[in-house]
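The following exercises concern helix geometry, burial, helix packing and backbone conformation. Each task is followed by a solution that proceeds step by step.

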Amino acid sequence: MTTDFDRSSYWRGVRDGLPFVLVVGPFALLFGVVATEAGLSLFETMTFAITVVAGAAQFTALQLMSENAPTFVVIASALAVNLRLAMYSASLTPHLGALPLWRRALAAYFLVDQNYALASARFDRQPDMTTGQKFAYFMGAVTPVAPNWYLWTLIGAWIGKSIPPELALDFAVPITFLAMLGPMLRTGAHVAAALVAVACALIFAFVPYNLGLILAGIAGMMTGARVELWMEKQGVS
Amino acid sequence: MSQTTTLWIVIIAMAIGSFGLRFLFLGLVGDRALPPWVLRHLRYTAVAILPALVAPLVVWPQATDGTPEPARMAAAVVTLAVGIWTRNVLLAITCGAITLYAGLFAFG
């Protein structure tokens, strides 16, 4: 049985996932606080965090809703931030595609940055793992992460209202995003995509309904793809 | 449409959309490969959307009604620089927050 649950792989995943608690806790706390500040109730904040499970997209939606952007733009922009999840899903399919449908659905719900990074690295290093061992490792890696995501969002939502305006929480989202952006800028193509997106976002800031953001995002993506092709032709990596 | 209705539309759409994106390949597409040009564009979505969202907030902050403001500007530069330098998200957030509060104290 290749899909049997493998205990030792599961616990290895748990061990590897533990350090991420330090990252996920504060991030979830911040989301809880910012969401309550933006006027969401405890129930709304928790539903948001538990059903979406993607910090960057949740922050994007909050920010745009507080700017009164049209609902369509809020959803499109936040989902665009989440498009990377489709890439993760594609790259895990060769490893987990043979599982029964309900296990694939479970893995899909629990697919986040942290366990994707751990699992893809582990599966590359140990190609002889069975599908069952891979699934167990993947679920193990998310075990310390997901409950902390819920718990610290809840704590943030509880204390959110008591935070004074002098703390300048309006700037929590920009700082969080810039911090996440730094490590993502791995190649010249990433940098070019980001620079073009920034320039377009400022130039198109006058466009109504926050559509400038969508235009800037598309321009940035096209730039990244172009520069990547060009760099491949030049033989730079 | 009330604020609450809008919020719930966003939450429900994002819940379905986020699960959909995660399930797309694992559940539906299987082992079929995507065309390379699609993957090439997908690789740059986050690096394009995140800075595009942040740039206007840094240059024209809401808290100052759109007047450029040195503390927020400095915090943005420090956060990005530390993030690029150390690849450590939490450290970058911490340094950015310290810069912001120091700046607000000094200029405010």
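Two residues are in contact if their C-beta atoms, placed from the backbone, lie within 7 Å. The model to which this criterion is applied is predicted.

**Exercise 1.** Determine what surrounds helix α9 of chain A, and how many of its residues are buried.

*Solution.* Step 1: a residue counts as buried if 20 or more other C-beta atoms lie within 10 Å of its own. Step 2: 10 of the 12 residues of α9(A) are buried, so the helix is largely enclosed by the rest of the structure. Step 3: the buried set consists of A:Gln133, A:Lys134, A:Phe135, A:Ala136, A:Tyr137, A:Phe138, A:Met139, A:Gly140, A:Ala141 and A:Val142. Step 4: these buried residues pack against α1 (7–17), α6 (83–96), α7 (101–109), α8 (113–125) and α10 (145–159) of chain A.

**Exercise 2.** Check the span of helix α9 (residues 131–142) of chain A against 1.5 Å a residue.

*Solution.* Step 1: the expected span is 1.5 Å times one less than the number of residues. Step 2: for the 12 residues of α9(A) this gives 16 Å. Step 3: the end C-alpha atoms are 17 Å apart, which agrees with the expected value.

**Exercise 3.** Describe how α11(A) and α4(B) cross.

*Solution.* Step 1: the axes of α11 (residues 172–184) of chain A and α4(B) come within 7 Å and cross at roughly 30 degrees. Step 2: angles under 35 degrees count as roughly parallel, so α11(A) is roughly parallel to α4(B). Step 3: the contact involves A:Pro174, A:Ile175, A:Leu178, A:Ala179, A:Leu181, A:Gly182 and A:Pro183 of α11(A), together with B:Ala75, B:Ala76, B:Thr79, B:Leu80, B:Val82, B:Gly83 and B:Ile84 of α4(B). Step 4: the crossing of the two helices, α11(A) and α4(B), is right-handed.

**Exercise 4.** Locate B:Asp65 and B:Arg87, and characterise the backbone and exposure of each residue.

*Solution.* Step 1: most residues other than glycine have a negative phi. Step 2: B:Asp65 has a positive phi of about 55 degrees although it is not a glycine, and B:Arg87, likewise not a glycine, has a positive phi of about 60 degrees. Step 3: B:Asp65 is found in the loop between α3 (45–59) and α4 (70–86) of chain B, whereas B:Arg87 lies in the loop between α4 and α5 (89–107) of chain B. Step 4: with 7 other C-beta atoms within 10 Å, B:Asp65 is exposed; with 14, B:Arg87 is partly exposed.

Key
Residues numbered from 1 in each chain as written. Chains lettered and ligands numbered in written order. Predicted model: local features only at pLDDT ≥ 70, side-chain atom pairs only at ≥ 80, totals over all residues. Helix = DSSP H or I, 4+ residues; strand = E, 2+ residues; numbered from the N terminus. Axes fitted to C-alpha atoms, helices over the stretch in contact; angles between N-to-C directions. Parallel < 35°, antiparallel > 145°, perpendicular 65-115°, else oblique. Left-handed = near helix turned anticlockwise from the far one by under 90°.
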